[in-house]
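The following exercises are to be worked with the sequence and the structure at hand. Each task is followed by a solution in steps.

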Amino acid sequence: MTALVLDGISHAYFGRTVLDRITLRILPGELVALVGPSGCGKSTLVHIAGGLIEPQRGRLTQGYRRHGMIFQEPRLLPWATARGNISYPLRVAGVDRTTRHDLTRRAADLVSLDRKDLDKYPVELSGGMRQRVAIARALVVEPDFVFFDEPFTSLDVALKRQMQDLVIEAATQSRFAGLFVTHDLAEAVRISDRIVVMDERVRGISGERIVSLERGARDDAAVFAAVQTYLKEDPLFSHIHDTDERRIA
Ligand SMILES: Nc1ncnc2c1ncn2[C@@H]1O[C@H](COP(=O)(O)OP(=O)(O)O)[C@@H](O)[C@H]1O
Ligand SMILES: [Mg+2]
């Protein structure tokens, strides 16, 4: 049984190939981080994997029941309260009021939003609170797979850290599998079981590494040491901080 299989996926925009025969398999409960420089096709891959865009070639097999998605911007409905935003997917799915209430409560608890916050509108919430609401909205459907597309990039260091802990905690409790896009290697090491590296020059995945640290043993020192080792000693990571996507034709 596999949670997600990408098999020979290719994609081009206006004739320019971004992804060339990508193959990736994610097991149930496994959190895979996808790292790579800006413009290498990470979001395109997530959108294909989540069924938002159709790949031009290859096959996608979703072995999970339900997924949630968390993007870089919270993408909340401005006219709905935090509670309304979180319960929105349930409303769309026709879930009854009592169940909606219970599930919304549970999702809000997972991300530590209290009753007071739930009655606020997005404009009344800080950036971090809005992203919490977005996470709760993704988790409210009790997904067994979650897609994360650089969800914490715009948050400051301390907040980012809190959010990572929240994801680690939620993943441990709910045992969902996930694909977590980030260009922050420390974030990848903290959160994931396996790091998959994308590279624009191969228009796809250039390699992967299993994160050998135990999930419970990833304190700052261990994470920092792992990142330094990857960056200094492992050629797979030598291009992950390239930023100019036009440099390589
Ligand atoms: N809708 C689109 N139309 C045309 N080009 C696109 C579109 N989306 C992304 N691209 C291009 O495809 C490449 C990969 O983009 P993207 O998947 O967003 O990369 P990443 O998420 O790694 O930064 C980039 O060069 C980007 O400009
Ligand atoms: Mg992106």
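**Exercise 1.** Determine what share of the residues in the protein is buried, and describe the overall dimensions and secondary structure.

*Solution.* Step 1: in this predicted model, buried residues make up 39% of the 249 residues. A residue is taken as buried if 20 or more other C-beta atoms lie within 10 Å of its own C-beta atom.
Step 2: along the principal axes, the C-alpha atoms fill a box of roughly 50 × 45 × 35 Å.
Step 3: the secondary structure comprises eight helices and nine strands. The radius of gyration is 18 Å, close to the 18 Å given by the globule rule for 249 residues, so the protein is as compact as a globular protein of that length.
Step 4: of the contacts between residues at least 6 apart in sequence, 74% join residues at least 24 apart.

**Exercise 2.** Identify which residues of the largest nonpolar core touch the most other members, and explain where the core lies with respect to the domains.

*Solution.* Step 1: the core has 63 residues, and those touching the most other members are Ala33, Leu34, Ala136, Leu179 and Phe180.
Step 2: helix α5 (residues 127-139) gives the most to this core, with six residues.
Step 3: domain 1 (26-55 + 145-249) and domain 2 (77-143) both give residues to the core, so the core lies between them.
Step 4: take Leu179 as an example. Apart from its neighbours within four places in sequence, Leu179 is in contact with Ile26, Val32, Leu34, Val46, Ala49 and Phe147.

**Exercise 3.** Describe how domain 1 and domain 2 are in contact, and give the composition of the side of domain 1 that touches domain 2.

*Solution.* Step 1: the C-alpha centres of domain 1 and domain 2 lie 26 Å apart.
Step 2: on the side of domain 1, 10 residues are in contact with nine residues of domain 2.
Step 3: the elements of domain 1 that give two or more residues to this side are β6 (145-149) and α6 (157-174). The largest share, four residues, comes from α6.
Step 4: the residues of this side divide into nine nonpolar, one polar and no charged.

**Exercise 4.** State how many residues surround ligand 1, and which are the closest.

*Solution.* Step 1: ligand 1 is surrounded by 11 residues, of which the closest are Tyr13, Gly39, Lys42, Ser43 and Thr44.
Step 2: helix α1 (residues 42-49) provides the largest share of this shell, three residues.
Step 3: by class, the shell around ligand 1 holds three nonpolar, six polar and two charged residues.

Key
Residues numbered from 1 in each chain as written. Chains lettered and ligands numbered in written order. Predicted model: local features only at pLDDT ≥ 70, side-chain atom pairs only at ≥ 80, totals over all residues. Core = buried A, V, L, I, M, F, W, Y, C linked by C-beta atoms within 7 Å. Buried ≥ 20, exposed ≤ 12 C-beta atoms within 10 Å, placed from the backbone. Domains from an automatic or database assignment. Contact = placed C-beta atoms within 7 Å. Rg over C-alpha atoms; globule rule 2.2 N^0.38 Å. Near = placed C-beta within 6 Å. Nonpolar A, V, L, I, M, F, W, Y, C, P; charged D, E, K, R; others polar.
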